[in-house]
Amino acid sequence: MQFLQEAISNDKWFYNRQTLYYKRIVMWLSGSSPYRDRIYIIKDIILTLVQYGELNQTALVSFCGLNLKKHKSILTELEANGFIQSEERSMGKRIITVYKPAPKGIEFCKTILDPYETLFPRKKKNPDKEI
């Protein structure tokens, strides 16, 4: 039993899924809106790719809390502008799209997005708000 618990705790995939699950619970309990501005979605995509190095499409969308149908256009636009790179890999009969951060995207995040978020932080729930 202990071997199984150690294997689960050392498994990066399990840890990432569990972390994502807890983030969603905290978001739901805090009452914060799931809406994010497009600029913050772009930043989350680039930072997630920098954090993990490369991710397949499903993992990237899941870790960023996005919907593939709604946000596929953002991924396509980021790739067209050279902020991220995609590569198709064949695994058996399936073709998997793997995304990586591009140097241009990392630089864009440092020079544009970080100062933007400093000036205009993401909205947080105001506990002092009177009814």
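Colleague: In what order do the 3 strands of the open sheet stand?

Modeller: The model is a predicted one. Its sheet is open and its strands pair in the antiparallel sense. Strand 1 (55-56) and strand 2 stand at the edges, and each has a single partner strand. The order is therefore 1-3-2.

Colleague: Why is one side of strand 1 and of strand 2 left without a neighbour in the sheet?

Modeller: In the order 1-3-2, strand 3 stands between strand 1 and strand 2. Strand 1 and strand 2 are at the edges, so one side of each has no neighbour, as each has a single partner strand.

Colleague: Which elements does the protein have, and how do they run from the N terminus on?

Modeller: There are 6 helices and 3 strands. From the N terminus on, the elements run α-α-α-β-α-α-β-β-α.

Colleague: How many bridges join strand 2 to strand 3?

Modeller: Strand 2 covers residues 84-91 and strand 3 covers residues 94-101. The two run antiparallel. Among the pairs, R89 stands opposite I96, and S90 has I95 as its bridge partner. The number of bridges that join strand 2 to strand 3 is 8.

Colleague: Which residue in the hairpin of strand 2 and strand 3 takes a positive phi?

Modeller: The hairpin has 2 residues between the strands. One of the residues in this hairpin has a phi near 70 degrees, and that residue is G92.

Colleague: Over how many bridges do strand 1 and strand 3 pair?

Modeller: The pairing of strand 1 with strand 3 is antiparallel. L55 stands opposite Y99 in strand 3, and N56 stands opposite V98 in strand 3. Strand 1 and strand 3 pair over 2 bridges.

Colleague: Which helix packs on the sheet?

Modeller: The helix in question touches strand 1, strand 2 and strand 3. Its direction makes about 95 degrees with that of strand 3. It covers residues 38-52 and is helix 3.

Colleague: Is L49 of helix 3 buried or exposed?

Modeller: L49 has its place in helix 3. Leaving aside neighbours within four places in sequence, L49 is in contact with E54, L55, L60, I84, Y99, K100 and P101. A residue counts as buried under 20% relative accessible area. The value for L49 is 0%, so L49 is buried.

Colleague: What separates the C-alpha atoms of I46 and Y99 in space?

Modeller: I46 is also in helix 3, and I46 is buried, with a relative accessible area of 1%. Not counting residues up to four places away in sequence, I46 touches F83, G105, I106, F108 and C109. I46 and Y99 are 53 residues apart along the chain, and their C-alpha atoms are separated by 9.9 Å.

Colleague: Is E79 buried, partly exposed or exposed?

Modeller: E79 lies in helix 5. Not counting residues up to four places away in sequence, E79 touches I84, S86 and Y99. Partly exposed runs between 20% and 50% relative accessible area. The value for E79 is 34%, so E79 is partly exposed.

Colleague: How far apart in space are E79 and Y99, C-alpha to C-alpha?

Modeller: Y99 is one of the residues that E79 touches. E79 and Y99 are 20 residues apart in sequence, and the distance between them, C-alpha to C-alpha, is 9.0 Å.

Colleague: Are helix 4 and helix 5 roughly parallel or roughly perpendicular?

Modeller: Helix 4 covers residues 57-64 and helix 5 covers residues 68-80. Their axes come within 11 Å and cross at roughly 105 degrees. Angles of 65 to 115 degrees count as roughly perpendicular. Helix 4 is therefore roughly perpendicular to helix 5.

Colleague: How many nonpolar residues does the contact of helix 4 with helix 5 have?

Modeller: Helix 4 contributes Q57, L60 and V61, and helix 5 contributes L68, K72 and L75. By class, 1 residue is polar and 1 is charged. The number of nonpolar residues is 4.

Colleague: What part of the residues of the protein counts as buried?

Modeller: The protein exposes about 10100 Å², of which carbon and sulfur atoms supply 58%. L49 and I46 are two residues that are buried. Of the 131 residues of the protein, the part that counts as buried is 27%.

Terms used. Residues numbered from 1 in each chain as written. Predicted model: local features only at pLDDT ≥ 70, side-chain atom pairs only at ≥ 80, totals over all residues. Heavy atoms only, no water. Helix = DSSP H or I, 4+ residues; strand = E, 2+ residues; numbered from the N terminus. Buried < 20%, exposed > 50% of the residue type's maximum accessible area, 1.4 Å probe, protein only. Areas by Shrake-Rupley, 256 points an atom, 1.4 Å probe, with all protein chains shown as cover. Axes fitted to C-alpha atoms, helices over the stretch in contact; angles between N-to-C directions. Parallel < 35°, antiparallel > 145°, perpendicular 65-115°, else oblique. Contact = heavy atoms within 4.5 Å. Nonpolar A, V, L, I, M, F, W, Y, C, P; charged D, E, K, R; others polar. Pairing = 2+ DSSP bridges.
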